[in-house]
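Here are a few short exercises to work through with the structure open beside you. Try each task before reading its solution.

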Amino acid sequence: MSSCHRVRLRCVAQGLAWGPGGTGGGYRKGLWNGLRVDSGRALIVNGTRLYATKGIGNGTMIPSHNPSGMYQALQGVFFPNNNSRWDSFPWHPYDANPVTRANNNTYTVGGAENCEFMSSPLDKRFHAVCAAHGAAYPNGNYPHYVVTVTKPEQESPRVTWTFVGFVSRGYASGEPTPVYENAPPGDAADVRFMIGRTQEGIALYEVSWVTQTGGENALRTLQH
């Protein structure tokens, strides 16, 4: 006799995005996440639990010269109150959010979204590859960042996203996501594959890394 199991999800925290009374919904002008947040990833980086997510908001004043009324996708980070537990509330935003800017490290006024994260076996750094929000990037390429998290004594963690160039991900439809092995999602995990949807079903992609001229690490993926 077969048995049926159900999974129950219970909301234990909300309010990471702005809205009436600090909860979901609504809109607040001039904030990087004033409309909503989505497409996030829970990660452990340098031993630090964090939630990296896209925020959608009005670009006015973020940075100050962007067009009024322009909705941007910018990346931000949230931390649990106690780093030892995911369910430690209240979560709090990184004080330097957003960690990307649409004027100097995304190269499109619409910003970046759908970021995926993985460590490189070549340089042992933690990388993020994102997609364009709205207008496309040059030649259809994707922005590539190195993400670092440092933990100064007696201070909150510091997060840096450094733009290091573009990579081609034109092969990969369906917003492929990393398959994390040997550790929780984050910088300690191995990523040999990405998986995504296609018109035919599901595609598995093998991940490889190459060193480009100038020494930069580039992500190259091959359909498997």
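**Exercise 1.** What share of the contacts in the protein chain with a separation of 6 or more comes from residues 24 or more positions apart?

*Solution.* Start by noting that the model is predicted. Among contacts with a separation of 6 or more, residues 24 or more positions apart account for 42%.

**Exercise 2.** How many helices and how many strands does the protein chain have?

*Solution.* The count gives 0 helices and 12 strands. Reading along the sequence then gives the pattern β-β-β-β-β-β-β-β-β-β-β-β.

**Exercise 3.** Describe the burial and the exposed surface of the chain.

*Solution.* First take burial: 42% of the 224 residues count as buried. Next take the surface: the protein chain exposes about 12300 Å², and carbon and sulfur atoms supply 51% of that area.

**Exercise 4.** Is His-127 buried or exposed?

*Solution.* Locate His-127 in strand S6, which spans residues 126-132. Its relative accessible area is 1%. The cut-off for buried is under 20%, so His-127 is buried. Finally, look at its partner: the side chain of His-127 makes a polar contact with the side chain of Asp-123, at 3.2 Å.

**Exercise 5.** Why does Ile-202 count as buried or exposed?

*Solution.* Ile-202 sits in strand S11, residues 201-211. Exposed requires over 50% relative accessible area. Ile-202 counts as exposed because its relative accessibility is 64%. Now add the surroundings: Ile-202 joins Ile-195 and Leu-204 in making a nonpolar surface patch of about 260 Å².

Technical notes. Residues numbered from 1 in each chain as written. Predicted model: local features only at pLDDT ≥ 70, side-chain atom pairs only at ≥ 80, totals over all residues. Heavy atoms only, no water. Helix = DSSP H or I, 4+ residues; strand = E, 2+ residues; numbered from the N terminus. Buried < 20%, exposed > 50% of the residue type's maximum accessible area, 1.4 Å probe, protein only. Contact = heavy atoms within 4.5 Å. Areas by Shrake-Rupley, 256 points an atom, 1.4 Å probe, with all protein chains shown as cover. Polar contact = N/O pair within 3.5 Å; in protein donor to acceptor, adjacent residues only side chain to side chain. Patch = residues over 30% accessible without salt bridge, like charges linked within 9 Å, V, L, I, M, F, W, Y side chains within 5 Å. Salt bridge = Lys/Arg side-chain N within 4 Å of Asp/Glu carboxyl O.
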